[in-house]
Amino acid sequence: MLTSVDTDLIRVLADPLRLQIVTLLARETLCTTHLIEETGAKQTNLSNHLKVLREAGVVETEPCGRFTYYRLRPDVIASLAGQFAGLAETARATAENNTKRSCP
């Protein structure tokens with residue numbers, strides 16, 4: 001059971017389309033039109049996924065005329081990566097110490 005990792009954020013990023021959006025936004029700030037072109041998703045589907053990413057704090061928006069641009073929040077991704085790094089370090093120490101619970 002992952003207790004030291006933000007499981008809600010993992011669920012958000014587990015969706016293939018949302019992960020694709022995050023990957024695209026890691027490279028550049030894009031508007032909805034760009035994201036539709038890049039992903040091939042329908043506008044309503046894409047908008048729903050962007051809403052989930054916004055509400056999770058993964059992306060932020062910037063209005064520009066009649067378009068809305070989306071930008072990845074690297075601090076959120078870095079925080080999750082740090083949590084996984086900590087989990088890996090704990091597992092490494094457990095393996096090195098051969099720590100195991102005895103059976104009853």
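Here are three short exercises on the predicted model shown above, each with a worked solution.

**Exercise 1. Fold order**
Work out how many helices and strands the protein chain has, and in what order they run.

*Solution.* Start with the count: the protein chain holds five helices and three strands. Next, walk along from the N terminus, and the elements read α-α-β-α-α-β-β-α.

**Exercise 2. Overall shape**
Decide how the radius of gyration of the protein chain compares with that of a compact globule of 104 residues.

*Solution.* Begin with the reference: a compact globule of 104 residues would come out near 13 Å. The protein chain itself has 18 Å. Now look at the box: along the principal axes, the C-alpha atoms fill roughly 65 × 25 × 20 Å. Then turn to burial, taking under 20% relative accessible area as the cut-off: 26% of the 104 residues count as buried. Finish with the surface, where the protein chain exposes about 7,100 Å², 52% of it supplied by carbon and sulfur atoms.

**Exercise 3. Charges and confidence**
Find how the charged side chains of the protein chain are balanced, and which elements have the lowest and highest mean pLDDT.

*Solution.* Take the charges to begin with: there are 12 positive and 12 negative side chains. The centres of these two sets lie 5 Å apart. For confidence, the chain has a mean pLDDT of 91, with 95% of its residues at 70 or more. Among the elements, helix α5 (residues 74-96) has the lowest mean, 89, while helix α2 (residues 16-27) has the highest, 97.

Definitions and conventions:
Residues numbered from 1 in each chain as written. Predicted model: local features only at pLDDT ≥ 70, side-chain atom pairs only at ≥ 80, totals over all residues. Heavy atoms only, no water. Helix = DSSP H or I, 4+ residues; strand = E, 2+ residues; numbered from the N terminus. Rg over C-alpha atoms; globule rule 2.2 N^0.38 Å. Buried < 20%, exposed > 50% of the residue type's maximum accessible area, 1.4 Å probe, protein only. Areas by Shrake-Rupley, 256 points an atom, 1.4 Å probe, with all protein chains shown as cover. Lys, Arg positive; Asp, Glu negative; His and termini not counted. Charge placed at Lys NZ, Arg CZ, Asp CG, Glu CD. pLDDT = per-residue confidence, 0-100.
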